[in-house]
Amino acid sequence: MAVPKRKVSKARRDKRRSAVWKLEAPAFSRCSNCGALMTPHRVCKNCGFYKGVEVIKKEA
């Protein structure tokens, strides 16, 4: 059975367990209707349009 040759230090163990290095910044794109920043492949929260079609009725 395989046994570790050296003890894994607390710092090395904790660096491996941390999720900080896995995070990515969210991508943003411009809405084709109003030009507001939005996440891609989602309905625009500002105007309610998705791919040029009104999905959610928003009042002006």
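Biologist: Let's start with Arg17: does Arg17 count as buried or exposed?

Modeller: First, a heads-up: this is a predicted model, where local features need pLDDT of at least 70 and side-chain atom pairs count only at pLDDT 80 or more, while totals for chains, interfaces and linings use all residues. Residues are numbered from 1 along each chain as its sequence is written, and side-chain values use heavy atoms, with hydrogens and water left out. The labels work like this: buried is under 20% relative accessible area, exposed is over 50%, and partly exposed is in between (1.4 Å probe, protein chains only). Arg17 has a relative accessibility of 59%, so Arg17 counts as exposed.

Biologist: Which helix holds Arg17?

Modeller: Helices here are DSSP runs of H or I with at least four residues, strands are runs of E with at least two, and both are numbered from the N terminus. The run covering residues 10-17 includes Arg17, and that run is helix α1.

Biologist: Which residues gather with Arg17 in a patch of positive charge?

Modeller: A patch takes residues with over 30% relative accessible area and no salt bridge, joining like charges within 9 Å and nonpolar side chains (Val, Leu, Ile, Met, Phe, Trp, Tyr) within 5 Å. Lys and Arg count as positive, Asp and Glu as negative, and His and the chain ends are not counted; each charge is placed at NZ of Lys, CZ of Arg, CG of Asp or CD of Glu. On the surface, Arg17 is joined by Arg12, Lys15 and Arg16.

Biologist: How many salt bridges turn up in a search of the whole structure?

Modeller: In general, side chains of opposite charge can pair when their charged atoms come close. The rule used is a side-chain nitrogen of Lys or Arg within 4 Å of a carboxyl oxygen of Asp or Glu. With that rule, the whole structure gives a count of one.

Biologist: What is the N to O distance in the salt bridge of Arg13 and Asp14?

Modeller: Both partners are partly exposed: Arg13 has a relative accessible area of 29%, and Asp14 has 40%. Their side chains meet with an N to O distance of 3.0 Å.

Biologist: What accessible area do Val53, Val55 and Ile56 have together?

Modeller: Ile56 sits in the segment after β4 (53-54), and at 41% relative accessibility Ile56 is partly exposed. Accessible areas come from the Shrake-Rupley method with a 1.4 Å probe, and for residues only the protein chains shown count as cover. Val53, Val55 and Ile56 make a nonpolar surface patch, and their joint accessible area is about 250 Å².

Biologist: Now the whole protein: what is its radius of gyration?

Modeller: This radius is taken over C-alpha atoms, and the globule rule is 2.2 Å times the number of residues to the power 0.38. The C-alpha trace spans about 65 × 25 × 15 Å along its principal axes, and 10% of the 60 residues count as buried. A compact globule of 60 residues would come out near 10 Å, but this protein has 23 Å.

Biologist: What pattern do the helix and strands follow along the sequence?

Modeller: The parts list is short: one helix and four strands. Read along the sequence, they go α-β-β-β-β.

Biologist: What is the phi value of His41?

Modeller: His41 lies in the loop between β2 (37-38) and β3 (49-50), and its relative accessible area of 64% makes His41 exposed. Its phi is positive although His41 is a residue other than glycine, with a value near 65°.

Biologist: How far apart in space are Glu24 and Lys10, C-alpha to C-alpha?

Modeller: Glu24 is in the loop between α1 and β1 (29-30), where Glu24 is exposed at 74% relative accessible area. Glu24 and Lys10 are 14 residues apart in sequence, and their C-alpha separation is 25 Å.
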